Amino acid sequence: MASTIFVSPGESIQAAVNNASPEDTIIVRDGTYNENILVNVENLTIRSENGPDFTTVQALVSEKDIFKVTENSVTISGFHITGATRNKCGIYLFEVEECNIQNNKMSNNFNGINLISSSNNTLENNTAFNNYYGIYLQFSISNTLENNVADSNYCNGISLSSSSNRNMLLNNKVDSSSCKGICLCSSSNNKLENNTASNNADGIYIESSSNYNTLSNNTADSNNFYGIHLYSSRSNTLSNNKASNGYYGIYLEDSSNYNTLSDNRVSKNYYGIWLYYSCGSILSGNLMQDNRYNFHAGDNHLATNIICNNNSIEGNPIYYLIGVSDLEINSSSNAGTIYLVDCKNVTIKDLIIENTGVGIYLYNTTDSKLDNNSIMENCLGIYLSSLSNYNMLENNKADSNKDCGISLYISSNNTLINNTADSNDNYGIHLYSSSNNMLSNNTASNNYRGIFLSSSNSNALSNNTVNSNDKKGISLFSSSSNTLKNNIASNNEYGISLYYSSSNMLFLNDLLDNLVQISGDENNIWNSSEPVKYLYKGKKQTSYLGNYYSDYSGADADENGIGDTPYEYDIYPLLVPSYSYVLLAPDSEAPEISIGVGVNPGTLSFKLKPGTQEEQLLYVINTGSEAADCEIRIDNSLGEGWFTVSPSSFNLEAGEIKEVKVILTLPSSVKADAACKILVVPTSGTEVMAGVKVPVYIDVVTSTSSGSGGSSGGGGGGGSPEPASNVEAKELSQQFVTSGNQARFDFPEGVTCVCYVAFDAKRTFGRTFTTIEMLKGKSALVKELPAGIVYKNVNIWVGNEGVESPENIGNAVIGFRVEKEWLESNGVDENAVLLYRYSGEEWSALVTRVTGDDENFVYFEAETPGYSPFSIVASQVEITVKEDSKVSETTGNPVDAKVENNTSEAATEGGEEKAPGFGAGFALAGIVCVLCVLREKKHS
């Protein structure tokens with residue numbers, strides 16, 4: 001008959017066990033007991049009278065287990081068990097079955113609860129905290145762990161190892177483990193359901209051939225590294241789990257193959273769902289949201305995965321296509337990421353893909369096209385891997401990605417044109433073991449490295465721009481027989497560097513203001529392979545052509561544009577930037593006419609409202625050796641009547657440049673952005689030669705909030721904000737702007753009143769256009785004209801927006817002229833002429849000086865802090881500025897000035913109306929003028 005044995009403080013639990021028989025119950029009253037207890041009686045219950053908060057069993061000998069159970073069907077319940085060290089346990093079950101361990105608190109033990117070679121036991125409602133291992137099963141099967149708490153254990157909260165199979169872990173909570181929350185090592189066919197693993201180093205970790213486990217409805221939240229991590233474990237099923245606020249949400253690596261992930265929610269991690277060297281995965285219905293990088297599946301055997309498009313990234317479907325062909329994926333797909341595996345002839349266009357692992361991934365995919373996609377803020381932008389050959393990448397934007405903008409890995413014969421790869425953390429464009437690719441007109445700036453070739457041969461790099469990269473502009477490592485031509489490398493630490501690379505040819509490249517212009521190996525050719533015929537300063541020349549270096553100062557005795565002394569490896573250095581050398585066709589090809597189209601920027605970009613008109617300029621140069629007729633054609637894909645081109649056909653002499661006006665009249669019915677191409681076609685006699693295509697992009701402004709106001713920059717070679725109908729005359733000048741040098745743009749045609757624009761460049765901008773627009777009347781960009789008699793209104797646009805900021809230029813001046821006849825007819829003294837600048841919705845008069853005159857004109861120069869709308873005005877107030885007067889860098893106004901009364905009533909250019917601010921109001925006008933700029937009264 002079963003007995004109940006009570007143990008009170010001062011008595012021995014071990015003595016009670018020794019006196020017990022199977023089916024007896026030992027009840028331990030409140031208190032602290034210092035013992036190590038061997039439980040060797042079958043079917044024995046040992047429990048506290050009032051629970052673990054009142055009954056503590058502390059190790060008498062810390063190097064021994066506190067409760068060691070060696071018989072089956074033992075129940076231990078309601079104790080706080082503490083103090084077992086050096087691999088010893090609070091409760092140790094050894095080769096036993098059907099024991100119940102429940103409602104205990106385990107603290108400060110090496111193992112809180114440890115099962116070895118034990119099966120069909122139940123661990124329920126226990127709390128294990130501040131142990132090395134909380135609950136640890138080894139070689140133990142078919143046990144149930146339910147509603148346990150493992151908190152703040154130094155290694156793992158709950159561990160199953162060494163073929164601990166077919167166990168069930170239900171509703172356990174594991175928190176703040178220094179290593180893993182729940183760890184399965186070499187343990188299979190376990191069921192983990194409704195567990196919570198939070199604030200651990202790793203939440204749930206399945207490793208070392210832990211196969212065929214089922215994880216469902218678990219929550220892994222706020223773990224430092226991995227939410228759910230599978231390492232070298234296969235055929236597991238993960239469904240309806242939540243993994244959030246960690247570094248990785250769900251991570252499969254190192255041949256974790258043939259696992260199934262369905263309907264999991266992965267959010268607010270740095271990486272969402274990541275498959276790394278793991279194949280044969282099945283993913284369905286998983287939702288990834290608000291992760292820094294949501295998804296990646298890659299690196300080998302991609303064709304073995306089944307990834308359905310009901311998986312979503314920020315609500316957008318994953319396109320994971322295997323073996324498809326003749327397909328277009330465009331913006332209507334709303335793709336969150338695209339993987340093409342073993343595909344052919346697929347077009348991907350007009351997509352915006354952000355915040356995923358790889359934006360667009362081509363794996364063993366050929367003859368496909370990526371066009372006009374924006375791939376930003378991903379781990380890797382565009383990736384071509386594993387014999388992805390003969391693909392075209394054009395007009396894509398791969399910026400601000402974590403590793404690389406565009407990467408080719410063992411992929412050849414691809415064409416990359418007009419792509420940008422800027423502000424990526426590592427490479428802009430990276431080729432590894434990839435050959436015979438063509439990279440042309442790409443931009444790779446503000447990366448760590450701009451364009452990097454490693455173990456890649458026979459590639460052609462031309463007309464690319466690599467600017468302001470932290471380390472290297474263009475670099476080759478262990479790469480041979482590549483051609484680099486007409487590239488611009490500026491403001492990098494290294495412009496072009498070659499290491500362990502040979503037989504590469506480099507010529508007509510521009511190296512500008514790099515800390516180290518060129519570096520590397522001697523076994524390369526730093527000039528054209530043979531003498532080239534070219535135009536230089538209007539004269540035909542023949543020579544080998546090297547590269548241009550902004551710090552080269554060698555002589556040119558024969559004035560052929562080639563330096564007389566070498567620049568490091570380059571024995572034919574150019575005296576001026578490469579665009580100054582117009583290549584001519586060889587004599588053997590004299591009948592052939594070729595032309596080049598120069599556009600600033602590289603495409604024509606319009607931005608206007610429906611029902612309005614905008615004008616831009618296109619410059620065509622004949623780079624052939626004889627005259628050619630040229631024709632401008634529009635592809636008309638947008639419909640008739642959108643474009644007017646003037647002139648639409650013309651003749652060009654060899655080396656001649658022609659200005660072409662391209663006017664876009666946008667129909668009022670247009671609501672969406674559009675694009676087309678302009679074709680410049682040369683002809684020789686009756687033969688039509690191959691043309692040059694100029695991409696045209698139209699940004700349709702539909703917002704009613706945009707309006708006119710002051711303009712502080714813009715223009716350049718792009719569209720002017722001034723309506724073409726208000727432009728009386730226009731003239732353009734171009735220069736190559738380099739840091740530390742003065743840039744001067746002259747306007748020799750004299751069609752406007754501006755003679756020159758000059759400034760000291762603080763940065764290198766390369767080829768820069770300055771446009772003068774002399775207006776018919778008041779600029780549409782200003783609210784009103786300044787006080788006085790207006791001679792002319794002009795707009796001056798320098799480069800792209802931001803070029804003319806104080807951080808970029810200094811000592812800026814404008815040279816202009818005024819007709820003497822106009823001065824005489826208006827009774828104006830030359831010293832009353834001022835140049836006013838409009839900025840910030842107000843006019844400021846600039847320090848203006850007379851520089852000379854001739855029979856017809858008086859010439860002036862004015863100091864300016866920037867370029868925008870200007871007005872040349874005859875003022876009725878003179879301001880005398882001292883010779884040493886300081887000028888504000890931000891406004892252009894003098895710090896001190898003397899007001900001189902020189903009033904007389906004068907009509908404005910438009911009639912007899914008295915100019916505001918004069919006559920009775922002169923005293924106020926004088927005060928205002930002191931605060932503005934005015935005249936430095938002298939002839940220079």
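**Exercise 1. Placing Leu287**

In which strand is the place of Leu287? Find the strand, then describe the surroundings of Leu287.

*Solution.* A word before we start: this is a predicted model.

- Step 1. Look along the chain to residues 287-289, which form strand E36; Leu287 belongs to this strand.
- Step 2. Next, check how covered the residue is. Leu287 has a relative accessible area of 28%, so it is partly exposed.
- Step 3. Now list the contacts, leaving out residues up to four places away in sequence: Leu287 touches Asn264, Arg265, Val266 and Ser312.
- Step 4. Finally, compare sequence with space. Pro317 is 30 residues from Leu287 in sequence, and their C-alpha atoms are 9.4 Å apart.

**Exercise 2. The whole chain**

How many helices and strands does the protein chain have, and what percentage of its residues count as buried?

*Solution.*

- Step 1. Count the elements: there are 3 helices and 91 strands in the protein chain.
- Step 2. Turn to burial. The chain has 940 residues, and 55% of them count as buried.
- Step 3. Consider the surface, where about 37500 Å² is exposed, with 44% supplied by carbon and sulfur atoms.
- Step 4. Look at the contacts with a separation of 6 or more: 47% of them are between residues 24 or more positions apart.

**Exercise 3. Two faces of a strand**

Which residues of strand E79 lie on its covered face, and which on its uncovered face?

*Solution.*

- Step 1. Sort the residues of E79 (742-746). Ala743 and Phe745 make up the covered face, while Gln742, Arg744 and Asp746 make up the uncovered one.
- Step 2. Find the partner strand. E79 is joined by 5 bridges to strand E80 (residues 754-761), and the two run antiparallel.
- Step 3. Look across from the covered face: opposite Phe745 stands Val757 of E80.
- Step 4. Return to the uncovered face, where Arg744 and Asp746 form a salt bridge, with their closest N and O atoms 2.8 Å apart.
- Step 5. Check the accessibility of this pair. Arg744, at 36%, is partly exposed, and Asp746, at 35%, is partly exposed too.

**Exercise 4. A glutamine in a strand**

Is Gln517 buried or exposed? Which polar partners does its side chain reach?

*Solution.*

- Step 1. Locate Gln517 in strand E63, residues 516-520.
- Step 2. Apply the cut-off: buried means under 20% relative accessible area. Gln517 has 3%, so it counts as buried.
- Step 3. Trace the side chain. It reaches the backbone oxygen of Leu511 at 3.3 Å, and it makes a polar contact of 2.9 Å with the side chain of Asn514.
- Step 4. Add the other surroundings. Beyond four places in sequence, the contacts of Gln517 include Gly495, Ile496, Tyr549 and Tyr567.

**Exercise 5. Salt bridges**

How many salt bridges does the structure hold? Describe two of them, Lys191 with Glu193 and Asp853 with Lys820.

*Solution.*

- Step 1. The total is 16 salt bridges.
- Step 2. Take the pair Lys191 and Glu193, whose side chains meet at 3.1 Å, N to O. Lys191 is partly exposed at 34%, and Glu193 is partly exposed at 22%.
- Step 3. Take Asp853 and Lys820, whose closest N and O atoms are 3.2 Å apart. This pair links distant parts of the chain, 33 residues apart: Asp853 is in strand E86 (residues 848-853), and Lys820 is in helix H2 (residues 820-825).
- Step 4. Compare these with a network, in which salt bridges with shared partners join Glu615, Lys730 and Glu773.

**Exercise 6. Unusual backbone geometry**

Which residues does a cis peptide bond join? What is the phi of Leu387, and what is that of Asn491?

*Solution.*

- Step 1. Recall the usual pattern: most residues other than glycine have a negative phi, and most peptide bonds are trans.
- Step 2. The cis bond joins Ser646 and Pro647, with an omega of about -5°. Pro647 sits in the loop between strands E72 (643-646) and E73 (649-652).
- Step 3. Leu387, not a glycine, has a positive phi of about 65°. Its loop runs between strands E48 (380-385) and E49 (392-394).
- Step 4. Asn491 is not a glycine either, and its phi is positive at about 55°. Asn491 lies in the loop between strands E59 (488-490) and E60 (494-499).
- Step 5. Leu387 also has a place on the surface: together with Tyr409, Ile410 and Tyr432, it makes a nonpolar patch of about 340 Å².

How values were computed:
Residues are numbered from 1 along each chain as its sequence is written. This is a predicted model: local features need pLDDT of at least 70, side-chain atom pairs count only at pLDDT 80 or more; totals for chains, interfaces and linings use all residues. Side-chain values use heavy atoms; hydrogens and water are left out. Helices (H or I, at least four residues) and strands (E, at least two) are DSSP runs, numbered from the N terminus. Buried means under 20% relative accessible area, exposed over 50%, partly exposed in between (1.4 Å probe, protein chains only). Contact means heavy atoms within 4.5 Å. Patches are made of residues with over 30% relative accessible area and no salt bridge: like charges are joined within 9 Å, nonpolar side chains (Val, Leu, Ile, Met, Phe, Trp, Tyr) within 5 Å. Accessible areas come from the Shrake-Rupley method with a 1.4 Å probe; for residues, only the protein chains shown count as cover. A salt bridge is a side-chain nitrogen of Lys or Arg within 4 Å of a carboxyl oxygen of Asp or Glu. Two strands pair if DSSP finds at least two bridges between them. A polar contact is a pair of N or O atoms within 3.5 Å; within protein, one must be able to donate a hydrogen and the other to accept it, and residues adjacent in sequence count only if both atoms are side-chain atoms.
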